[in-house]
Amino acid sequence: MLQFLAAAHKEILLLRRDRIGLLVLFLMPALLVLVITLVQNHATRTIGESSTDILFIDYDNGGIGDRLARALSKAEGVSLTRTLDQNPDQASDQAPGSRKPARKRALRAVARGDFQLCLIIPKGMSDNVRQTARDSALEAFSMTAEDESAASPAADLELYFDPTLLPSFRSTVKNLLQLMIVGIEVEEKAAALSELLPRKIRDALAEASGPMAPMLSSMPEPDIEIKWNPRPIMSFREISALETPLEKTPNAVQQNVPAWALFGVFFIALPMAGSFVKERIYGLQYRMLSMPVMYPTIAGGKVFAFMLVCVVQFAVILCIGKWLLPLLGAPSFDMGAAAPWTAIVVALSAILAATGYGILLGTAVRTYEQASMFGPISIVIASALGGIMVPVWAMPRLLQKISVFSPLCWAQNAFLDIFVRGGDIRSVSGDITRLLIFAVACIAIAWRVHHRRAGRGARLN
Amino acid sequence: MESFKKTALCAENLTKQYRGISPPAVDGLDLSIFEGEIFGLLGPNGAGKTTTISMLGTILPPDSGTITICGIDTRRRPREVRRLIGLVPQDIALYPELTARENLSFFARLHGLRGEWLKEGIRKALSAAGLSTRAHQKVSTFSGGMKRRLNLAAGMVHSPRFLFLDEPTVGIDAQSRELILGKLQEIRQSGATMLYTTHYMEEAETLCDRVAIMDRGKILVHGAPRKLLASHPGCRNLGELFLELTGKELRD
């Protein structure tokens with residue numbers, strides 16, 4: 001035990017003095033989680049996965065604008081702003097028509113990215129819509145429009161998008177607006193029809209009654225009131241595929257915080273491998289092999305020190321997700337409903353896998369240069385395959401099949417199970433087992449390599 | 001007279017052949033070292049000195065042969081042997097980013113020292129290496145001579161009964177060499193036994209009680225330097241004897 005602690009203490013001293021190494025171990029994953037999360041958080045805004053900010057300007061004031069505004073406000077994730085001077089939350093309560101931003105100023109705000117889109121109801125829109133609906137109803141009864149020269153073409157709403165928005169998001173917004181327009185169109189046409197129907201009935205009766213027609217035409221139009229029930233005739237229900245629906249929505253924070261924490265943890269393999277290689281090159285291992293202590297005890301002390309670093313590193317990244325990211329405008333990291341020890345078990349398994357890989361790397365390579373070249377490349381590839389940079393489901397099918405061989409994939413999957421899918425220890429036990437088997441396999445291979453090389457018969461005990 | 005001395009190390013028919021290399025690195029080597037003596041193992045590069053020290057120091061298992069140190073079989077009870085031995089490798093086997101004291105403390109604790117024994121061992125080792133005033137300085141800031149002296153101190157911090165020294169004075173200035181050789185004499189006077197390899201023949205001639213000249217894995221001659229020179233009248237010193245026995249061709 002004394003020797004184990006001596007080795008761990010020595011390794012901690014060395015790590016504390018390796019400022020560059022510490023920067024790589026702590027600053028790199030911290031910066032990565034900050035930058036990537038904030039970037040992806042913004043990206044999800046641009047593709048509409050987060051709140052959609054709409055600047056709404058009603059130059060018409062004829063009622064159509066209000067109906068559209070009400071419908072948009074009811075839509076999920078839409079935040080409506082009517083002025084540029086106020087907080088959007090407050091602005092939604094403001095009476096339409098007051099303090100309308102000038103068109104140019106509004107468009108500049110959209111171009112700057114302050115709003116994802118601007119919807120303008122042009123002046124005369126409501127009159128135009130009603131007239132068009134009336135004309136349409138007249139045509140439906142094969143009656144000509146009362147004044148054909150006055151029949152106007154379909155009224156256009158003006159829609160301005162932030163130029164950086166992705167086509168898929170634009171399409172989603174356009175479909176939403178189209179649905180609302182169809183609703184308004186149906187209402188207006190029904191109103192026009194209600195207005196026209198009594199006249200049509202009277203005229204039809206007059207035409208059918210022959211000599212009685214003059215008498216019928218002098219009769220008042222029948223009082224027919226059509227009341228449309230607003231109840232939809234068709235709808236759909238969204239049902240969660242999980243027995244217990246998710247309490248929160250997966251987002252950039254829930255994906256990136258565990259992902260980059262794992263990336264940092266696995267990067268420990270690099271300094272660890274370097275440490276093993278240096279001890280071999282400097283003859284320190286040779287010296288230690290002549291001492292009355294089993295080499296695995298010394299190596300164990302070293303691994304323990306690196307594991308401590310991993311634990312601190314992991315905690316730092318979680319703290320960044322929990323407290324720093326919200327200060328920068330991203331959602332706070334949510335640890336999920338599972339017992340905290342479940343996440344701790346997964347983290348420790350991942351740390352064991354990472355340190356196991358570090359032992360293997362440090363044993364298999366012959367020089368520090370080999371370790372510093374092969375180590376980062378292998379970890380970055382395993383990370384990319386493991387869904388650290390891009391979620392596995394977003395990868396091509398072939399890569400998805402390969403990703404199941406990445407330890408980072410197992411660890412990330414387990415964390416997503418806990419933090420997003422509401423999983424527990426049973427649901428992540430498979431991934432934990434795979435991580436532990438990986439760690440044991442790495443150490444076993446390292447043992448074999450060490451025996452074959454140093455050995456050509458050298459001892460480890 | 002030698003037969004009355006107690007044997008500290010006895011190696012018989014020691015053989016080691018590395019995989020893929022045809023001549024054995026060590027080929028049927030027999031060696032006896034008596035308690036309290038400094039035994040010089042001399043030989044050109046590739047003669048098998050380091051392989052021999054590695055086998056004697058329990059680091060490398062021999063393909064065949066037996067080794068006993070202080071009466072203990074190194075293959076059967078290696079951990080007991082390791083408690084008795086110290087090793088000063090040819091490389092500067094120290095952590096450059098640790099201080100002299102931290103390096104010594106680490107190696108001493110691996111040898112099981114703790115408490116007052118640990119403090120005393122470190123103090124003595126630092127003093128022996130002439131580094132007491134530099135104890136808190138990082139090894140990376142040391143000169144070559146200071147590193148060599150600390151390398152020696154790390155091998156003797158636990159006061160071993162048998163010390164293996166693989167070229168401990170290579171590449172250092174005369175002052176550091178003088179200090180190291182003086183310390184080795186002191187260690188001998190304290191009763192420890194040493195196996196010493198070097199390329200400096202005059203050093204071996206003055207320091208060692210007995211020497212063995214080996215080449216191609218075999219010991220060619222062994223004995224006290226004076227006796228060896230007496231048996232080779234054409235050789236004025238150990239250097240000339242060495243060249244006569246091992247030849248003048250380059251060994252790379």
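**Two chains, two sheets and one helix**

Let me start with burial: of the 461 residues in chain A, 36% are buried, where buried means that 20 or more other C-beta atoms lie within 10 Å of the residue's own, exposed means 12 or fewer, and partly exposed is in between, with C-beta atoms placed from the backbone. This is a predicted model, in which local features need pLDDT of at least 70 and side-chain atom pairs count only at pLDDT 80 or more, while totals for chains, interfaces and linings use all residues. Residues are numbered from 1 along each chain as its sequence is written, and chains are lettered from A and ligands numbered from 1 in the order in which they are written.

On confidence, pLDDT is the predictor's confidence in each residue, from 0 to 100. Chain A has a mean pLDDT of 82, with 85% of its residues at 70 or more. Its lowest confidence is in helix H4 (residues 88–91), at a mean of 42, and its highest in helix H13 (residues 340–364), at 93. Over residues 86–97 of chain A the pLDDT is below 50, and this stretch has 19 contacts in the model beyond near neighbours in sequence; two residues are in contact if their C-beta atoms, placed from the backbone, lie within 7 Å.

Next, the elements of chain A. There are 17 helices and four strands; helices (H or I, at least four residues) and strands (E, at least two) are DSSP runs, numbered from the N terminus.

How are the four strands ordered? They form an open sheet, E2-E1-E3-E4, with mixed pairing; two strands pair if DSSP finds at least two bridges between them. Strand E2 (78–81) and strand E4 (158–161) of chain A are at the edges with a single partner strand each, so one side of each has no neighbour in the sheet. E3(A), residues 117–121, pairs with E4(A) in the antiparallel sense over four bridges, and Cys118(A) is opposite Tyr160(A) in E4(A). Helix H5 (residues 103–112) of chain A packs on this sheet, touching E1, E3 and E4, and its direction makes about 155° with that of E3(A). Axes here are lines fitted to C-alpha atoms, for helices over the stretch in contact, and angles run from 0 to 180 degrees between N-to-C directions.

Where the chains meet, 23 residues of chain A and 25 residues of chain B take part in the contact. The largest share of chain A's side, seven residues, comes from H1(A).

Now chain B. Its open sheet of six strands runs E6-E7-E8-E3-E9-E10, again with mixed pairing. E7(B) and E8(B) are parallel, over five bridges, and Phe164(B) has Leu195(B) in E8(B) as its bridge partner.

Last, helix H6 (residues 174–189) of chain B. Its 16 residues reach 23 Å from first C-alpha to last, close to the 22 Å expected at 1.5 Å a residue; the expected span is 1.5 Å times one less than the number of residues. Which residues of H6(B) are buried? They are Ser176(B), Leu179(B), Ile180(B), Leu184(B) and Ile187(B). These cover an arc of only 140° around the axis, which puts them on the same side of H6(B); the arc is that of the directions from the helix axis to the C-beta atoms. Exposed residues on the other side include Gln175(B), Glu178(B) and Gln185(B). Among the elements covering the buried residues are strand E3 (38–42) and helix H5 (144–156) of chain B. After H6(B) comes Gly191(B), with a positive phi near 105°.
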